[in-house]
Structure formats: C-alpha cells, structure tokens
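Here is a short report on one protein chain, written for reading beside the model. Keep the sequence open as you go.

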Amino acid sequence: MSHASRTASRTASRTASRTASRICPLCEATCGLTLTIEGTTVTGARGDRDDIFSRGFICPKGASFGGLDADPDRLRVPLVRGEDGELREATWEEAFDRIAARIPALVEAHGPQAVGVVLGNPNVHTMAGSLYPPLLLAALRTRNVFTASTLDQMPKHVSSGLLFGDANAIPVPDLDRTDHLLLIGANPLESNGSLCTAPDFPGRLRALRRRGGTLTVIDPRRTRTARLADRHVAIRPGADALLLAAMAQVLLEEKLTDPGVLAEHLEGADELAVALADFTPDAVAAACDVDASTITALARELAAAPTAAVYGRIGSCTVEHGTLASWLVDVLNILTGNLDRPGGALFPLSATARAPRTAAPGKDSATPGKGFALGRWTSRVSGHPEAKGELPTAALAEEIETPGEGRIRALIVLAANPVLSAPDGDRLDAALAGHLDFMVSVDPYLNETSRHADVVLPPPPPSQSAHFDFAFNSFAVHNQVRYTRAPIPLEDGRMDESEIHARLILAVSGMHGAPPSAVDDLAITTAITKAGAPKELADQLTGRSGPERRLDLMLRLGPYGLTLEQLLAHPHGIDLGPLKPRVPEILRTRSGRIELLPAPIAADLPRLRRALGDRPAPLVLVGRRHLRSNNSWMHNVGSLSGGSNVCTLQVHPDDAARLGLVDGATVRIESAGGGIEAPAEITDTVRSGVVSLPHGWGHSRPGTRMAIAAAHPGANVNQLLDGSLLDPLSGTAVLNAIPVTVTPSP
C-alpha cells in the first residue's frame with residue numbers, strides 16, 4: 001500500500017470506531033479475536049464467537065492484545081550503534097546498509113560458519129517468522145543455528161523423526177473424542193496447550209469429564225490442570241521416562257497390547273519387549289516415588305479405555321531423558337492401538353501441508369523415505385551433535401567466545417532473548433558484549449539480548465500485521481484454516497515484518513538494493529519447481545504482497561486445494577473436518593514402517609537403566625507456567641503483571657519448616673550455574689522435596705528499554721544452570737529436576 005493510501009485510510013478510520021477480526025498471536029491456542037479499534041488504536045479485544053475453531057474463547061493474554069500492541073516501549077524505528085558505542089535511531093536504509101557492509105565481508109574473510117543464527121519462540125507466531133528464516137539460512141549456508149526448540153520441544157521432534165521418519169510428524173490428542181486422557185509434564189489450563197493447538201483447552205477437558213471420560217495428570221505440582229483431574233500422580237521430577245517405560249512393560253508383560261490396524265505398519269515390537277523388560281513397576285517405583293500398584297493401574301486403565309491418548313510436554317521434555325520420555329508417550333499410544341485412530345492421538349493435516357503421499361502400486365505401506373538422522377555434524381567446541389539441523393542453544397556462548405577457526409563472529413538474532421531463556425545467561429551476556437564483531441537483532445524491544453546488537457530492526461505491532469498460523473495448524477486438534485489481514489494500516493516510518501526479513505536476506509547474500517519482492521519471487525519459483533507444478537501457476541496467484549502470494553501457492557499445492565480468495569471470503573475460517581487416520585502416508589522412515597525401537601533410542605536405554613540406582617537429591621527445582629505470561633516476551637504489559645503472574649519460589653510447608661523459610665521472605669537458591677534470590681511462596685501445591693520457579697524472568701540488566709518488566713524484574717531461573725547438562729539425543733538443556741539448595745537470604 002502506498003504512503004498516500006495509508007494516510008487516506010488512517011484519516012477515514014478516525015471518524016468512527018469499528019471492529020475487525022484478528023487471530024491472536026500470543027500463544028499456541030490461536031484463538032479468534034474481535035478487536036475494537038478507535039482510529040488507529042486497539043481499544044478492546046474479545047473472543048470471536050463466529051470463529052470456527054475457538055468459538056469465542058479468550059484468555060487474559062488475548063484480552064490484553066491492545067495493551068501489548070500499543071506498548072510505548074516498543075521500538076518504532078531501527079537502532080544503529082554509533083562510533084561512540086551507543087545505539088541511536090536511524091533510517092531503514094542506514095540500517096540495511098550497515099548489515100550489507102559487515103555480514104558479507106565477515107563471511108568472505110572467515111567463511112559461512114562465522115555467522116550464527118538464533119531463532120526465538122515468537123517467530124512461529126508470525127507469518128514472516130515462519131516464511132523467511134529458512135531462506136536466510138540457505139543464503140548464509142551456516143550450520144551454526146540455535147533455536148528455542150533445544151530449550152523446549154526438540155525431544156519430541158527427535159522421537160517423532162526416529163519413529164516415523166519425519167521430525168515434524170507429531171501426533172496430538174484427539175481431545176474432543178477421547179475417553180481417557182493422560183497428561184504428563186503438561187499444564188494446559190495455564191499454558192493453553194503446546195504442540196497441541198486447542199483453543200479453550202480447559203473447556204475441552206471439562207467436556208471430557210462431562211461425557212464420562214477420565215483425566216489423569218502426572219506432575220510434581222498440583223497445578224490447575226491437576227486439580228481438574230480424576231487422578232493426580234505427584235511423580236518425582238525427572239522420572240517421567242522411567243514411569244512411562246514401566247507402564248509399557250506392564251502392557252507387554254500382561255499381554256494388554258493391541259495395536260489394531262497399526263500392527264502391519266510396525267517394526268521392532270519383539271525387540272521392544274526385550275528392551276523394556278527390566279523396567280518393571282517394582283523396579284522404578286523408588287526412583288519415581290510412585291507406588292508400583294499405581295503404575296500398574298495407570299497402564300491397565302489406559303489399555304481398558306475404549307479410546308485413550310497420552311500427551312507429554314515441556315515438563316517431560318526438558319529433563320535428562322526427555323527424548324526417551326517423548327518416545328515412550330508414542331509407544332504407549334501405539335501399544336494400546338490409540339495412535340492414529342479417532343479418540344486417540346492423530347496427525348493433523350494442515351491446509352499448507354505437503355500433499356499426502358500414497359502407497360506404491362500393489363503395496364499397503366507407503367514408499368520408503370529418506371528417514372531421519374542425528375549428528376550429521378557437530379558443534380565446534382564441545383562436539384554436540386546436531387538435531388533437526390540445530391545445535392544446542394546452551395552451547396552458543398562457547399561457540400562465540402572460544403578462539404579458533406569457525407568461531408562465531410557475527411550473530412543474527414530473530415525474535416529471541418537467550419540471555420534470559422538459555423542456561424548461564426551471565427556467560428552469554430559477556431560473550432555477546434565482548435567477543436562478537438557484529439550483531440543484528442530483529443526485535444520489537446531493546447531487551448537483555450538485543451541491547452548488544454549493532455543493528456536492531458523492529459517489526460510493527462501485531463495489529464499492523466497479517467496473520468496465518470503455518471506452524472500451529474500442523475498441531476491443531478481439529479483441521480481448519482484461517483487468515484486475517486492487518487486490521488490497521490502500517491504506520492508511517494514502520495516497515496512490514498516480511499519486508500524486514502526479505503531485505504535482511506538480500507543484505508547478507510550480496511543482493512543489497514534488489515527489491516524485496518525478489519525474495520518472494522524466488523521462493524515461489526523454487527516451490528513450483530519442487531512440486532512439479534506448471535510454471536504458469538505463478539501468474540494465477542493472488543494477493544497484495546509477496547507473503548500473500550506465497551500463502552496462496554501453498555494453499556493451492558496443499559491437500560485441500562484451497563486458494564487465498566477462499567480464505568478471504570471466510571473471515572472466521574473454514575472447517576476442514578475432524579482429524580483422520582493418516583498412517584501410512586505420514587511415514588518417511590527408510591523401512592516405510594513405524595520403527596518402534598530405533599537404534600539411537602536402544603543405545604540410550606542403558607543410561608535410563610542406570611537411573612534406577614540414582615540417589616535422589618534432597619531438593620530439586622522445576623519450572624512452571626503462568627496463564628498471563630509467555631516466556632520472557634510478555635512481561636512488559638501492565639495488565640498482565642502482578643497477581644498470580646509473579647516470580648516466586650514455591651516451597652512445600654514441610655521443606656519450609658525444615659529449611660527455616662518464611663512465606664514472602666527472600667531466599668537464596670544455588671545450583672551448579674550460580675545463585676539467585678527470590679521471594680518464598682509456601683504452598684502445598686508443590687510436593688515435598690521440590691521447589692518451583694517460573695521461566696523467563698530476570699529483567700534487571702542495564703541498557704534495556706522495558707520499563708514495566710524492569711520494575712518487576714524477578715529472578716532468572718536459568719542462571720542456576722551452567723549449560724553442561726543436556727539430553728544427549730536432542731541437545732535439549734535440562735531445565736527441570738535440577739538439584740538446588742535453598743537458604744534464607746541474609
């Protein structure tokens with residue numbers, strides 16, 4: 001849209017209030033919103049009752065859309081570091097000129113591995129963050145890629161890759177049709193769901209109970225979700241894989257397995273029984289601190305349910321055996337015949353997914369695929385194997401500060417704040433400050449990480465951006481598709497996030513000055529060629545922008561054959577129907593079958609077996625989620641601060657009495673990575689021997705511009721970690737079940 005058109009549109013919009021639809025970008029639930037807009041300001045947000053997926057549901061984050069959108073601390077123009085070392089406002093041309101002058105020169109002098117890229121969680125909440133980073137990585141040709149996945153969900157990607165041959169083939173619980181739901185390490189009443197896109201997750205769980213279904217929650221804390229459950233099992237943190245292995249052993253030993261139609265697609269069933277034989281309920285009970293009889297009952301109830309689904313999330317991922325726990329979640333679903341059937345755990349089919357593969361002529365199974373491999377390369381310093389093309393974020397600091405060939409000299413950080421989200425933020429903070437030649441951040445805030453950048457490129461607020469959920473539709477509990485254009489025109493002086501990414505790609509690839517549309521045109525041509533579609537398809541695409549044309553192409557090539565025009569004609573979405581069985585079409589393993597006991601999993605089981613004899617630490621730390629928070633990037637919204645959204649150390653009354661702790665008093669928490677202080681919150685919602693501190697806090701570093709967050713800084717729980725403890729298969733940092741000591745603060 002031209003400058004004159006935007007000005008005319010804004011002038012007209014000042015005459016009256018109006019409403020507009022917008023998909024909420026603030027968590028994985030992707031609820032539909034109805035925004036009230038006065039002029040160019042969002043003055044209210046409510047749930048969109050006509051949205052085909054969320055049906056009017058809204059949470060406190062969505063209701064605060066206007067406050068986040070209009071946050072005065074959001075950057076509006078680029079920042080460039082001057083010769084005096086200070087960041088100052090600059091033009092967009094100056095910012096990209098600086099990038100184009102520095103990044104290609106560093107690559108020419110030191111090679112592509114001299115550039116590292118960090119991708120944060122907010123990228124999957126925007127169209128630009130989903131569409132352009134793969135193109136940036138291809139342009140840079142660097143293997144130094146670090147994302148939020150190795151602080152969260154990578155174990156699930158790895159286990160899915162090993163089982164099914166596709167790291168993105170992640171089954172989700174069929175919440176609306178299941179009779180029995182077992183949650184482990186998940187608290188969807190406060191997280192709104194993760195790797196399981198389900199607006200009104202609380203309502204769906206209550207509906208399960210109303211129709212006579214059973215909800216079981218395994219969690220060391222009595223969370224809001226646990227309070228809703230029929231059965232709450234307060235497991236010892238970190239023992240998730242042991243408990244799940246024992247449940248699988250019961251199913252195998254008591255011959256309660258019945259894979260059903262999946263049987264013909266399975267490989268390794270006999271080997272699995274042998275591999276899990278030692279993990280009996282009696283053997284794991286002490287390590288889990290769960291009675292053997294309870295473990296046996298969990299397995300039998302799962303097998304007896306008409307339909308059932310096991311779902312595990314961050315609490316079972318960010319532990320020493322996170323990949324094994326994620327694998328065992330699917331093993332249980334497979335053994336009980338609940339994988340890939342209605343009421344169990346199914347594979348969603350999004351509107352922009354690759355068209356499904358079909359079985360080869362005369363065969364029942366899909367054509368064998370390329371499979372999934374780990375460790376195709378390793379990190380330079382510690383030799384960490386890659387997983388899904390990524391290296392552990394916990395290794396970022398050493399890759400920057402350790403001299404030698406291949407050292408990261410330039411860093412591009414896209415919507416990430418690893419100083420708070422990764423282990424040992426102090427070390428990374430020092431590495432960013434003292435060991436980089438150049439750094440670029442794409443971020444709306446000057447936060448604990450972006451304050452180190454030489455160039456900061458701020459995207460516009462969400463009201464000025466179009467929205468489509470490329471990632472989350474792949475995890476949706478009901479197939480649907482929705483798209484919303486920007487409800488407010490782009491403000492003068494701002495640049496659309498997609499254009500920012502496109503210009504960044506051009507600047508680092510030696511094409512600085514070319515039109516941003518060149519990036520989208522190349523992406524469209526490449527996609528058409530790869531799909532074997534006619535070249536003329538490019539001329540049929542509609543849309544106001546490159547991203548819209550790319551979306552139109554993906555829809556046309558997708559499994560439903562939709563178009564952008566159809567989405568625009570249905571502003572509240574198109575219902576594509578309930579999830580359906582998709583095996584064998586999703587399989588990409590070399591065998592063309594579900595590989596129940598992949599070699600890397602089998603090789604890691606002895607490590608789990610050794611854990612049976614571990615002596616538990618007297619006190620361990622776990623994280624927790626807050627309904628009114630999303631990692632570190634929503635702490636600057638006034639309407640979401642305070643109340644339950646506070647950084648306290650939850651301690652059981654028995655532990656508090658033993659340690660001499662007083663409710664509300666400051667305590668000292670220490671572990672391998674260092675020490676921090678936080679107020680004690682004495683509560684019996686956390687089991688004895690466990691303390692809990694939320695993730696994403698620690699807004700106390702100088703040089704940021706986040707006034708509300710700085711006024712309520714909290715403590716950075718990740719500073720207790722030195723980054724040395726990782727799940728070896730996925731490279732995911734161990735963030736839960738960390739041994740700590742807690743003492744009254746002097």
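## Leu136 and its surroundings

Setting aside neighbours within four places in sequence, Leu136 is in contact with Ile412, Leu414, Leu504, Ile505 and Val508. Contact here means heavy atoms within 4.5 Å. Leu136 sits in helix α6, residues 133-140. Helices are DSSP runs of H or I with at least four residues, strands are runs of E with at least two, and both are numbered from the N terminus. Leu136 counts as buried because its relative accessibility is 2%. Buried means under 20% relative accessible area, exposed means over 50%, and partly exposed lies in between (1.4 Å probe, protein chains only). The C-alpha atoms of Leu136 and Leu506 are separated by 8.8 Å, although these residues are 370 apart along the chain.

This is a predicted model, in which local features need pLDDT of at least 70, side-chain atom pairs count only at pLDDT 80 or more, and totals for chains, interfaces and linings use all residues. Residues are numbered from 1 along each chain as its sequence is written, and side-chain values use heavy atoms, with hydrogens and water left out.

## The whole chain

The protein chain holds 27 helices and 29 strands. Its radius of gyration is 25 Å, close to the 27 Å that the globule rule gives for 746 residues, so the chain is as compact as a globular protein of that length. The radius is taken over C-alpha atoms, and the rule is 2.2 Å times the number of residues to the power 0.38. Along its principal axes, the C-alpha trace spans about 75 × 75 × 55 Å.

Buried residues make up 60% of the 746 residues. Take the contacts between residues at least 6 apart in sequence: 74% of them join residues at least 24 apart. The chain exposes about 27,000 Å², and carbon and sulfur atoms supply 51% of that area. Accessible areas come from the Shrake-Rupley method with a 1.4 Å probe; for residues, only the protein chains shown count as cover.

## Two nonpolar cores

Which residues have the most contacts inside the largest nonpolar core? They are Leu243, Leu244, Met247, Trp327 and Ile594, in a core of 64 residues. A nonpolar core is a set of buried Ala, Val, Leu, Ile, Met, Phe, Trp, Tyr and Cys residues joined through side-chain atoms within 4.5 Å. Elements giving two or more residues to this core include α7 (154-164), β9 (180-184), α11 (240-253), α14 and α16 (322-335). The largest share, 10 residues, comes from α11. A second, separate core has 48 residues, among them Ala128, Ala351, Ala502 and Leu551.

Trp327 touches several stretches of sequence. Beyond its neighbours within four places, its contacts include Ser159, Leu163, Leu272, Leu596, Pro598 and Leu605.

Helix α14 covers residues 292-304, 13 in number. From first C-alpha to last, α14 reaches 18 Å, close to the 18 Å expected at 1.5 Å a residue. That expected span is 1.5 Å times one less than the number of residues. Buried positions in α14 include Ala292, Ile295, Leu298 and Leu302.

His321 lies in the loop between α15 (314-317) and α16. At 7% relative accessibility, His321 counts as buried. Leaving aside neighbours within four places, its contacts include Gly238, Ala241, Arg607 and Asp727.

## An aromatic pair

The whole structure has four aromatic pairs. One of them, Phe164 with Phe347, is edge-to-face: 5.2 Å centre to centre, with 90 degrees between the planes. Rings of Phe, Tyr and Trp (its six-membered ring) pair if their centres lie within 6.5 Å; planes under 30 degrees apart count as stacked, over 60 as edge-to-face and the rest as tilted. The pair links distant parts of the chain, 183 residues apart: Phe164 is in helix α7, and Phe347 is in the loop between β14 (345-346) and α17 (396-401). Phe164 and Phe347 are both buried.

## Backbone exceptions

Most residues other than glycine have a negative phi, and most peptide bonds are trans. Three sites to check are tabulated below.

| Site | Backbone value | Location |
|---|---|---|
| Val583–Pro584 | cis peptide bond, omega about 15 degrees | Pro584: loop between β19 (574-577) and β20 (594-595) |
| Lys388 | phi near 55 degrees | loop between β14 and α17 |
| Ala415 | phi near 50 degrees | loop between β15 (410-414) and α18 (418-421) |

Lys388 counts as partly exposed at 28% relative accessibility. Ala415 counts as buried at 18%.
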